[in-house]
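Visitor: I am new to this structure. Please show it to me and walk me through its parts.

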Amino acid sequence: MSGPVAKVALLGSGTVGLAVLRRLAEWQESPRGQQLRLVYAANTRLALRDAAGLDPLDCANRLPNAPRNGAAIQSDPLAALGKDGIRILIDATADAATASRHAACLSAGVHVATACKLAAGTSLDQWQAIDDACKRTSTGFGDRATVGAGLPLLRSIRELRAGGDHIHAISGVMSGSLAWLFHHFDGSRPFSELVREARDKGFTEPDPREDLSGEDVRRKILILARSAGFAIESDQVEVRSLVPAELARLSPGEVDASLHLLDAPLASLLASARAEGCSLRFVARLKEGKARVGLEKLCPLDALHGGGGTDNRVAIWSDRYRDQPLVIQGPGAGAEVTAAALLDDVLHLRAMAIGRPLAA
Ligand SMILES: NC(=O)C1=CN([C@@H]2O[C@H](COP(=O)(O)OP(=O)(O)OC[C@H]3O[C@@H](n4cnc5c(N)ncnc54)[C@H](OP(=O)(O)O)[C@@H]3O)[C@@H](O)[C@H]2O)C=CC1
Ligand SMILES: N[C@@H](CC=O)C(=O)O
């Protein structure tokens with residue numbers, strides 16, 4: 001690898017952001033690492049900036065240990081990236097305000113690689129603004145971490161369409177945390193205990209209700225649907241939440257102590273599935289521009305039943321995969337796979353900017 005260096009700004013030093021910093025540190029002396037210069041890294045408490053390049057390991061030590069003492073800092077990654085050269089923003093936050101600026105970043109000539117679904121996976125307006133900005137300014141929006149934590153889902157859909165196929169339908173288990181939960185929920189431990197374990201392993205959203213309510217999966221099926229050519233709005237996805245009303249109305253700080261509210265309803269759903277020889281899986285389905293998301297009872301022979309751990313398992317029907325779908329399976333959550341997907345995007349964005357695209 002050779003050519004111009006890309007300047008990189010990273011937002012977020014949580015589960016995913018720290019893994020990005022660790023991976024960048026591993027690359028530091030390699031040809032790959034020498035094509036990237038980390039000039040900015042921030043969380044809500046501390047912003048580190050150096051035009052000559054920050055040490056990723058030093059950032060990984062300092063950012064998470066910054067004190068929480070009041071108001072969030074004013075973060076300005078665009079100023080740190082400057083006005084010229086190849087500039088890439090990595091969004092490893094779950095922050096809606098940051099996501100709402102993705103289109104503006106792209107319009108300013110800054111490429112974006114994001115793990116956060118709150119821009120492309122919410123209102124159609126935001127998704128269209130991102131798409132328009134990319135076309136107008138020849139910037140790139142790296143979204144492979146948003147669905148399947150980097151599994152080749154969005155890529156496959158885009159390649160099928162580029163090859164002339166229409167996408168007919170998409171169905172799948174596309175939440176890593178919910179996959180892990182329902183692979184482990186056998187009645188021997190309360191569901192709430194498993195939710196805490198999934199959260200501690202870094203599979204859930206910062207607030208696990210985002211996963212349990214189906215909202216995170218709503219965003220994923222919206223991103224897949226829009227990439228598949230169905231410009232649907234968020235409210236065109238029917239979502240069946242697992243979160244009881246009493247748990248839904250609590251503040252984030254109160255959730256942990258009340259997770260037990262999930263236990264009785266989930267135990268009853270498990271018993272009913274078992275009585276029919278089935279397992280529980282949290283599934284999203286898109287067909288003819290309509291989507292739905294929720295818990296289903298699947299029999300062991302169902303195409304979406306298999307896998308283990310955080311495995312996502314997604315089936316895609318298109319002109320060429322008319323009867324037998326293309327099925328893509330693999331880990332769909334976790335710090336390392338997500339960070340790798342973000343940095344894959346960064347490498348692709350840089351390569352695109354210098355006119356030497358990497359192999360897909
Ligand atoms: N965990 C996973 O397996 C996967 C996660 N994702 C996505 O990755 C994103 C991050 O997830 P995760 O790492 O688990 O979340 P965490 O809660 O662990 O980390 C979020 C980080 O974002 C920081 N942050 C929040 N707002 C801002 C801001 N305005 N500017 C700078 N930093 C900010 C937080 O700062 P502070 O530390 O100060 O609070 C924190 O460091 C989410 O959008 C999630 O959906 C995608 C695929 C898989
Ligand atoms: N919370 C998400 C993380 C990745 O997007 C999930 O469980 O899949």
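Guide: The C-alpha centres of domain 1 and domain 2 lie 26 Å apart. This is a predicted model, where local features need pLDDT of at least 70, side-chain atom pairs count only at pLDDT 80 or more, and totals for chains, interfaces and linings use all residues. Residues are numbered from 1 along each chain as its sequence is written, while chains are lettered from A and ligands numbered from 1 in the order in which they are written.

Visitor: Which residues make up domain 1 and domain 2?

Guide: The bounds come from an automatic or database domain assignment. Domain 2 is 154-331. Domain 1 has two segments, 6-151 + 336-353.

Visitor: How many residues does each domain give to the contact?

Guide: Two residues are in contact if their C-beta atoms, placed from the backbone, lie within 7 Å. The side of domain 1 that touches domain 2 has eight nonpolar, six polar and three charged residues. Here Ala, Val, Leu, Ile, Met, Phe, Trp, Tyr, Cys and Pro count as nonpolar, Asp, Glu, Lys and Arg as charged, and the others, Gly among them, as polar. The contact takes 17 residues from domain 1 and 21 from domain 2.

Visitor: Where does the largest nonpolar core lie?

Guide: Such a core is a set of buried Ala, Val, Leu, Ile, Met, Phe, Trp, Tyr and Cys residues joined through C-beta atoms within 7 Å; buried means that 20 or more other C-beta atoms lie within 10 Å of the residue's own, placed from the backbone. Of its 103 residues, Val20, Ile90, Ile221 and Leu342 touch the most other members. Both domains give residues to this core, so it lies between domain 1 and domain 2.

Visitor: Which residues does Ile90 touch?

Guide: Residues up to four places away in sequence are not counted. Ile90 touches Val8, Ala9, Leu10, Leu11, Val20, Ala113, Leu342 and Val346.

Visitor: Which residues come nearest to ligand 1?

Guide: A residue is near a molecule if its C-beta atom, placed from the backbone, lies within 6 Å of it. The shell around ligand 1 draws at least three residues from each of domain 1 and domain 2. By class, this shell has 12 nonpolar, 14 polar and four charged residues. Of the 30 residues around ligand 1, the nearest are Gly12, Gly14, Val16, Asn43 and Ala115.

Visitor: Which residues surround ligand 2?

Guide: The shell around ligand 2 divides into three nonpolar, five polar and three charged residues. They are Ala149, Ser175, Gly176, Ser177, Phe203, Thr204, Glu205, Asp211, Asp216, Gly332 and Ala333.

Technical notes
Buried ≥ 20, exposed ≤ 12 C-beta atoms within 10 Å, placed from the backbone.
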